Amino acid sequence: MLSALDHVQLAAPPGSEDDLRAYYVDALDMEEIPKPPVLAARGGCWFQAGTVQLHLGIEQDFRPAKKAHPGLRVTAIEAYAARLRAHGAKVTRDDDLPGHKRFCSEDPVGNRLEFLQPSAG
């Protein structure tokens, strides 16, 4: 029986860890969490904010996820969008999901991320 989502893993190209850290820590306000030593040897980074974990694993033949994506629930979505823009990230609004405000952005390696907040009332 499923009880919770533990994490979402996205792929990244070799050598992109510093760019990933700048985006996920500085722009998204996540904390980098240590990987177990055997996994750390493979490269990549893990990030967490509250109970949300995103793992970025190194993939030699990397192609960014343009359709598949994590949907990340946020509070104060307008301020969050402004924060991402201030860090140089593109924000693309999408009003097609009833009952939600949402936008998409991309991490530095081109992976799609969706940010959403339920609409009031």
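Q: Which residues does Tyr-23 touch, not counting residues up to four places away in sequence?
A: This is a predicted model, so local features need pLDDT of at least 70 and side-chain atom pairs count only at pLDDT 80 or more, while totals for chains, interfaces and linings use all residues. Numbering starts from 1 along each chain as its sequence is written, and side-chain values use heavy atoms, with hydrogens and water left out. Contact here means heavy atoms within 4.5 Å. On that basis, Tyr-23 reaches Leu-28, Leu-84, Ala-89, Ser-105, Glu-106, Asp-107, Pro-108, Leu-113 and Phe-115.

Q: Which residues touch the most other members of the largest nonpolar core?
A: A nonpolar core is a set of buried Ala, Val, Leu, Ile, Met, Phe, Trp, Tyr and Cys residues joined through side-chain atoms within 4.5 Å; buried means under 20% relative accessible area, exposed over 50%, and partly exposed in between (1.4 Å probe, protein chains only). The core has 26 residues, and those touching the most other members are Tyr-23, Tyr-24, Leu-28, Leu-56, Leu-84, Phe-103 and Phe-115.

Q: Which elements each supply at least two residues of this core?
A: Helices (H or I, at least four residues) and strands (E, at least two) are DSSP runs, numbered from the N terminus. At least two core residues apiece come from β1 (8-12), α1, β3 (45-49), β4 (52-58), α3 and β8 (112-118).

Q: Is His-55 buried or exposed?
A: His-55 belongs to strand β4. Leaving aside neighbours within four places in sequence, its contacts are His-7, Val-8, Gln-9, Leu-10, Cys-45 and Trp-46. With a relative accessible area of 4%, His-55 is buried.

Q: Which strands stand at the edges of the four-stranded sheet?
A: Strands count as paired if DSSP finds at least two bridges between them. The sheet is open and mixed, in the order β5-β8-β7-β6. Two of its strands have a single partner each, so one side of each is left without a neighbour in the sheet; these are β5 and β6 (92-93).

Q: What angle does the direction of α3 make with that of β7?
A: Strand β7 (residues 100-106) runs antiparallel to β8, joined by seven bridges. Packed on the sheet, α3 touches β6, β7 and β8. Axes are lines fitted to C-alpha atoms, for helices over the stretch in contact, and angles run from 0 to 180 degrees between N-to-C directions. For α3 and β7, the angle is about 15°.

Q: How much space lies in the largest pocket?
A: On a 1 Å grid over the protein atoms alone, a pocket is an open set of points where a 1.4 Å probe fits, with protein on both sides within 12 Å along at least five of seven lines; lining residues have an atom within 4 Å of a point. Points are joined across faces, edges and corners, and volume is the space filled by probe spheres set on them. Lining residues include Leu-5, His-7, Thr-51, Gln-53, Pro-70 and Arg-73. The space comes to about 210 Å³.

Q: Where is Asp-29, and what is its phi?
A: Asp-29 sits in the loop between α1 (17-27) and β2 (31-33). This residue is exposed, with a relative accessible area of 52%. Although Asp-29 is not a glycine, its phi is positive, at about 65°.
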